[in-house]
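I opened a fresh page of the notebook for this one. Here is the entry as I wrote it, with the view I worked from.

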Amino acid sequence: MKRLFGVFLACTLAISLTACSGGSRENETAADTETQMTATEAVTEETAAETETETTMTEAVTEETAAEAETEMTMTEAVTEETAAEAETEMTAAEENILIAYFSWSGNTEALAGMIQSEVGGDLFRIETAEPYTDDYDTLLDIAQAEQQEGARPQLSGQVDNWDSYDVIFVGYPNWWSDAPMAVYTFLEYYDFTGKTLIPFNTSASGGFGRSLSGVEESAPGATILDGFTVTGDNVENAAGDVSAWISGLGL
Ligand SMILES: Cc1cc2nc3c(=O)[nH]c(=O)nc-3n(C[C@H](O)[C@H](O)[C@H](O)COP(=O)(O)O)c2cc1C
């Protein structure tokens with residue numbers, strides 16, 4: 001009986017051990033599978049996350065590229081607009097910085113001033129005395145001679161607006177007794193010609209500038225004086241070609 005009980009105990013123990021041993025392997029396999037699944041999910045999630053990140057980065061790069069392209073376009077537009085604005089400014093400046101001032105009693109010098117404006121643009125300014133000169137030629141000869149002998153500076157009726165805006169000033173006048181009319185000296189002495197370019201022009205019966213050029217130079221200190229143009233009153237009408245050639249040679 002004792003022997004039988006011993007065999008029974010041994011079998012029970014063996015069965016228990018076998019049972020325990022089998023259950024543990026199953027649990028391990030399940031755990032392994034779960035771990036593997038978790039790992040796979042993690043990898044999948046990681047891949048998804050990476051994909052998402054890449055997508056987001058691609059979008060970001062695309063957006064950045066678009067933004068850069070837009071910025072470049074905007075800059076190009078800005079540069080184009082700036083260039084257009086500069087071109088406009090240069091054109092405006094080229095037209096606005098020239099003044100054509102002239103004295104004229106019988107119209108010849110005025111006609112010449114108009115031809116110059118046709119060539120270079122700019123603004124016209126008529127030099128006029130506050131007290132107008134007589135319409136009588138012989139009386140005028142006497143008045144003009146007396147004023148010259150006195151070194152008169154007749155008062156003028158108007159002033160140039162925005163003098164500082166002009167860089168180039170054409171100054172025209174008729175020959176009166178081999179000199180400029182005294183009113184022209186009033187004009188020259190009134191304004192500051194420092195840094196300005198002064199270009200004389202003249203009409204006469206035959207005497208050209210006479211001695212007026214030295215007087216102009218003295219009365220406009222600081223000016224750069226370029227070669228002038230002179231024509232007889234009778235030839236003003238036909239002077240357009242000569243005026244054009246003269247202006248071309250000035251290098252303005
Ligand atoms: C008072 C006076 C003096 C003049 N003196 C001279 C002179 O000495 N030499 C000369 O060649 N022409 C002389 N002229 C002629 C003018 O210079 C010439 O007619 C000129 O073209 C007139 O210009 P304007 O029409 O712009 O006034 C004189 C004219 C006047 C009215």
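What share of the contacts in the protein chain with a separation of 6 or more comes from residues 24 or more positions apart? I looked this up and got 82%, taking two residues to be in contact if their C-beta atoms, placed from the backbone, lie within 7 Å.

**Ground rules.** I am working with a predicted model, where local features need pLDDT of at least 70, side-chain atom pairs count only at pLDDT 80 or more, and totals for chains, interfaces and linings use all residues. Residues are numbered from 1 along each chain as its sequence is written.

**Layout.** I find six helices and six strands in the protein chain; these are DSSP runs numbered from the N terminus, with helices being H or I of at least four residues and strands E of at least two. Along the sequence I read the pattern α-β-α-β-α-β-α-β-α-β-β-α.

**Burial and core.** I call a residue buried if 20 or more other C-beta atoms lie within 10 Å of its own, exposed if 12 or fewer, and partly exposed in between, with C-beta atoms placed from the backbone. Buried residues are 23% of the 252 in the protein chain.

Next I looked for the largest nonpolar core, a nonpolar core being a set of buried Ala, Val, Leu, Ile, Met, Phe, Trp, Tyr and Cys residues joined through C-beta atoms within 7 Å. This core has 37 residues, and Ile-100, Ala-101, Ile-116, Phe-170 and Val-184 touch the most other members. Two or more residues each come from β1 (98-102), α2, β3 (168-174), α4, β4, β6 (229-232) and α6 (240-250). The most come from α4, which gives six. I also listed the contacts of Ala-101 beyond four places in sequence: Phe-125, Ile-127, Ile-169, Phe-170, Val-171 and Phe-187.

**Helix α4.** Its buried residues are Met-182, Ala-183, Val-184, Tyr-185, Phe-187 and Leu-188. They pack against β1, α3, β3 and α5.

I then checked α4 (residues 182-190) against α5 (residues 212-219): the angle is about 30° and the axes are 9 Å apart. The axes are lines fitted to C-alpha atoms over the stretch in contact, and angles run from 0 to 180 degrees between N-to-C directions. The two helices α4 and α5 are therefore roughly parallel, the term for angles under 35 degrees. In this contact, Tyr-185, Leu-188 and Glu-189 of α4 meet Gly-215, Val-216 and Ser-219 of α5.

**Ligand shell.** There are 21 residues around the ligand, and Asn-108, Thr-109, Pro-174, Gly-207 and Gly-233 come nearest; a residue counts as near if its C-beta atom, placed from the backbone, lies within 6 Å. At least two shell residues each come from α2 (108-120), α3 (137-150) and β4 (197-204).

**Two single residues.** Leu-140 sits in helix α3. I count it as partly exposed because 16 other C-beta atoms lie within 10 Å of Leu-140. Beyond four places in sequence, Leu-140 contacts Trp-105, Tyr-133 and Thr-134. Its C-alpha is 9.9 Å from that of Trp-176, 36 residues apart in sequence.

Is Thr-194, in contrast, buried or exposed? It is exposed, because Thr-194 has 9 C-beta neighbours inside 10 Å. Thr-194 lies in the loop between α4 and β4, and its C-alpha is 4.1 Å from that of Gly-222, 28 residues apart along the chain.

Terms used:
Angles under 35 degrees count as roughly parallel, over 145 as roughly antiparallel, 65 to 115 as roughly perpendicular and the rest as oblique.
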